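Let's take a walk through this fold together. Have the coordinates open in your viewer and follow along.

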Amino acid sequence: MLEVNNATPLAFTLELRDGTSIARVGEAANYFGGLTEDQRETGHWRVAIRMLNNAIKEPSYLRAATMSLQTALLLDGMLDSVHIPR
């Protein structure tokens, strides 16, 4: 069984508008840590955070967690484009 840790790659890399990218679980967790309390309380960020926590416990959720993060970033205007996973 795959173990999910900070070095585990997300299902796909997310390229942010500011030129940074989020490619690994640890980078996603760090991004969540930089959110304001108000951001963390919005529905789309709560889902993204919960899905990443689920993926850490159950690796089969990693794709869904990546898609949830992508959605939250898109809703906050942080992405220029959306990756459609296959």
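What follows is a short tour of a helix, a hairpin and an ion pair. Keep in mind that we're looking at a predicted model.

Start with helix α4, which runs over residues 62-75. With its 14 residues, α4 reaches 20 Å from the first C-alpha to the last, close to the 20 Å expected at 1.5 Å a residue. Just after α4 comes glycine 77, which takes a positive phi of about 75°.

Now, which residues of α4 are buried? They are Leu62, Ala65, Thr66, Ser68, Leu69, Gln70, Ala72 and Leu73. As for their packing partners, these buried residues sit against two strands, β1 (9-15) and β2 (21-24), and two helices, α1 (25-33) and α3 (43-57).

Zoom in on one member of that list, serine 68. Is serine 68 buried or exposed? Serine 68 has a relative accessible area of 15%, so it counts as buried, the cut-off being under 20%. Once you ignore its neighbours within four places in sequence, serine 68 is in contact with Val47, Ala48 and Met51.

Next, hop over to the strands that α4 packs against, β1 and β2. β1 and β2 pair up in the antiparallel sense, over three bridges. If you want to check the register, leucine 14 stands opposite isoleucine 22 in β2, and proline 9 stands opposite arginine 24 in β2. The hairpin they make has five residues between the strands, and there glycine 19 takes a positive phi near 95°.

Last stop: electrostatics. How many salt bridges does the structure hold? There is one, and glutamate 37 forms it with arginine 40, the closest N and O atoms being 3.2 Å apart. That distance falls inside the 4 Å limit for a salt bridge.

Why do these two line up along the helix? Glutamate 37 and arginine 40 are three residues apart in helix α2 (residues 37-41), so about one helical turn separates them. An α-helix has 3.6 residues a turn, so residues three or four places apart point the same way.

And how open is this pair to the outside? Glutamate 37 has a relative accessible area of 48%, so it is partly exposed. Arginine 40 counts as partly exposed too, because its relative accessibility is 27%. So the salt bridge joins two partly exposed residues, while serine 68 over in α4 is buried.

Note on methods: Residues numbered from 1 in each chain as written. Predicted model: local features only at pLDDT ≥ 70, side-chain atom pairs only at ≥ 80, totals over all residues. Heavy atoms only, no water. Helix = DSSP H or I, 4+ residues; strand = E, 2+ residues; numbered from the N terminus. Buried < 20%, exposed > 50% of the residue type's maximum accessible area, 1.4 Å probe, protein only. Contact = heavy atoms within 4.5 Å. Expected span 1.5 Å × (residues − 1). Salt bridge = Lys/Arg side-chain N within 4 Å of Asp/Glu carboxyl O. Pairing = 2+ DSSP bridges.
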